[in-house]
Amino acid sequence: MEREHEGVKLFTHRERQTLDIITKVYRQQRSHFRSGDARESIPDRIVSVNKPYVRPIVRGKEVKSVEFGAKCNNILVDGISFIEKLSFNAFNEGTRLAHSIKMHKRLFGVKAKRIGGDTSYAGNANRELCTKNGIQTSFVQKGKRAKEM
């Protein structure tokens, strides 16, 4: 229709955006079907026409294996939470520790002295970074646990 009525405004801006999203979904699905691999990952897969920025994030939990919505990495200082990174795409929080330390220094003008985090933050690179900068951590010790007596 657009080709036949060139120069005539057929759609509002919102309708044009929705049509573009639907076209992208169609192309993603056609490509996925043609690949023949049902487990193939589709980069930037659109799962909602009304909210095309929302991405599925595989969590591997028992009840819900996939979650939707934003993923957030926070810095908590004296009970106040600062957002270090907010994204609708999946990311590994453990790789954000160096950025969080820099953000703390920039916000407060002093180096962080103590850091707490779950196991995703306790990788070797983060342990070395904290040791090098004299930062105490709450990371669980590596290695086998001693037998209890």
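Begin by selecting Arg-55, which counts as buried at 14% relative accessibility. The model on the screen is a predicted one. Add Asp-44 to the selection: the side chains of Asp-44 and Arg-55 meet in a salt bridge, 3.9 Å from N to O. Both residues lie in the loop between helix 1 and strand 1 (56-58), so the pair ties together parts that are eleven residues apart in sequence. Unlike the buried Arg-55, Asp-44 is partly exposed, with a relative accessible area of 41%.

The structure holds four salt bridges, and two further examples deserve a visit. Select Arg-96 and Glu-84, whose closest N and O atoms are 2.7 Å apart. Arg-96 is found in the loop between strand 4 (80-87) and helix 2 (97-108), while Glu-84 belongs to strand 4, so this salt bridge ties together parts that are twelve residues apart in sequence. Arg-96 is buried, at a relative accessible area of 17%, and Glu-84 is buried as well, at 14%.

Next, move to helix 1 (residues 13-35) and select Asp-20 and Arg-16, which are four residues apart and thus separated by about one helical turn. Their salt bridge has its closest N and O atoms 3.0 Å apart. Asp-20 is partly exposed, with a relative accessible area of 42%; Arg-16 is partly exposed too, at 24%.

Now turn to the largest nonpolar core, which has eight residues: Leu-97, Ile-101, Ile-115, Tyr-121, Ala-122, Cys-130, Ile-135 and Phe-139. In soluble globular proteins, nonpolar side chains tend to be buried together. Centre the view on Leu-97. Leaving aside neighbours within four places in sequence, Leu-97 is in contact with Ile-115, Tyr-121, Asn-126, Cys-130 and Phe-139.

Keep Cys-130 selected and add Cys-72. Why do these two cysteines not form a disulfide? Their sulfur atoms are 20 Å apart, which is too far for a bond. The count of disulfides in the structure is zero. Cys-130 is buried, with a relative accessible area of 2%, whereas Cys-72 is partly exposed, at 35%.

Finally, display the whole chain as a cartoon. Three helices and six strands make up its secondary structure, and along the sequence they follow the pattern α-β-β-β-β-α-β-α-β. The radius of gyration is 23 Å, well over the 15 Å that the globule rule gives for 149 residues, so the chain is more spread out than a compact globule. Rotate the view to see the C-alpha trace, which spans about 80 × 40 × 25 Å along its principal axes. Of the 149 residues, 21% are buried.

Definitions and conventions. Residues numbered from 1 in each chain as written. Predicted model: local features only at pLDDT ≥ 70, side-chain atom pairs only at ≥ 80, totals over all residues. Heavy atoms only, no water. Core = buried A, V, L, I, M, F, W, Y, C linked by side-chain atoms within 4.5 Å. Buried < 20%, exposed > 50% of the residue type's maximum accessible area, 1.4 Å probe, protein only. Contact = heavy atoms within 4.5 Å. Disulfide = S-S within 2.5 Å. Helix = DSSP H or I, 4+ residues; strand = E, 2+ residues; numbered from the N terminus. Rg over C-alpha atoms; globule rule 2.2 N^0.38 Å.
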